[in-house]
Amino acid sequence: NWCDIQDIVGVALNQFRETSGHRIVVKFSDDIPPVPLDDVLMEQVLVNLLSNAIKYSPVGSEITLSVTFDGDKLVIRVADEGFGIPAGEHDKVFDKFYRVQSGLKVPGTGLGLAICKGIVEAHGGTITAAPNSPRGTVFTVAMPVDSGSQF
Ligand code: ATP
Ligand code: MG
């Protein structure tokens, strides 16, 4: 099933907006082309990233989901103002079962990001984590939208 990124974001947000106690801010740039995406898989990626942002940042803090287009990639960012990921562990969090030691009070299996990475890379995209400024984490998903894309 193929869908527009706006619809996919809308469906993913519906799972959280009312309940999380966070301020979820959504931004779309106006130059986003109509790219068909696999809605089930992309929703899974967004739900995993949003659920992490919610789990690992304080209630009442802001989460920003932005979608931009850079010429040949759709770029989706999920940024939070949480306690962040320690330096040197931003790549490891994508490993199966890897969980940051300091965050273990928060329940989880350590699979969400490994699943995200599998889905994104299977479609020729990339996913990275980096420190957000002044605090928290930003996850960036870049999906190719040229003819080489499988979406
Ligand atoms: P689940 O399988 O339920 O998603 P999980 O959330 O622990 O469990 P991942 O989503 O794969 O697993 O995340 C791996 C680890 O990366 C987390 O345990 C947490 O330590 C860290 N992490 C992920 N997202 C964030 C975030 N937004 N802020 C801080 N730490 C994060
Ligand atoms: Mg998770």
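**View 1. P131 in strand β6 is partly exposed**. In this predicted model, P131 has 14 other C-beta atoms within 10 Å, so it counts as partly exposed (20 or more would make a residue buried and 12 or fewer exposed, with C-beta atoms placed from the backbone). P131 sits in β6; strands are DSSP runs of E with at least two residues, helices are runs of H or I with at least four, and both are numbered from the N terminus. Beyond its neighbours within four places in sequence, P131 is in contact with G84 and T137 (contact: C-beta atoms, placed from the backbone, within 7 Å). A142 is eleven residues from P131 in sequence, and their C-alpha atoms are 17 Å apart.

A word on conventions: residues are numbered from 1 along each chain as its sequence is written, while chains are lettered from A and ligands numbered from 1 in the order in which they are written. Local features need pLDDT of at least 70 and side-chain atom pairs count only at pLDDT 80 or more, whereas totals for chains, interfaces and linings use all residues.

**View 2. Two backbone details lie in loops**. The peptide bond from S133 to P134 is cis, with omega near 5°, and P134 belongs to the loop between β6 and β7. In the loop between β5 and α3 we meet F97, which has a positive phi of about 70° although it is not a glycine. F97 is exposed, with 9 C-beta neighbours inside 10 Å. For context, most residues other than glycine have a negative phi, and most peptide bonds are trans.

**View 3. The largest nonpolar core has 29 residues**. Such a core is a set of buried Ala, Val, Leu, Ile, Met, Phe, Trp, Tyr and Cys residues joined through C-beta atoms within 7 Å. I8, V45, L46, L49, V78 and V141 have the most contacts inside it. Elements giving two or more residues to this core include α1 (5-14), α2 (39-55) and β7 (137-144); α2 gives the most, with six. Leaving aside neighbours within four places in sequence, V45 touches C116, I119, V120 and V141.

**View 4. The buried residues of α1 line one face of the helix**. These are I5, I8, V9 and A12. Seen down the axis of α1, they fall within an arc of 100°, so they line one face (the arc is that of the directions from the helix axis to the C-beta atoms). Their packing partners include β2 (23-28), α2 and β5.

Methods
Contact = placed C-beta atoms within 7 Å.
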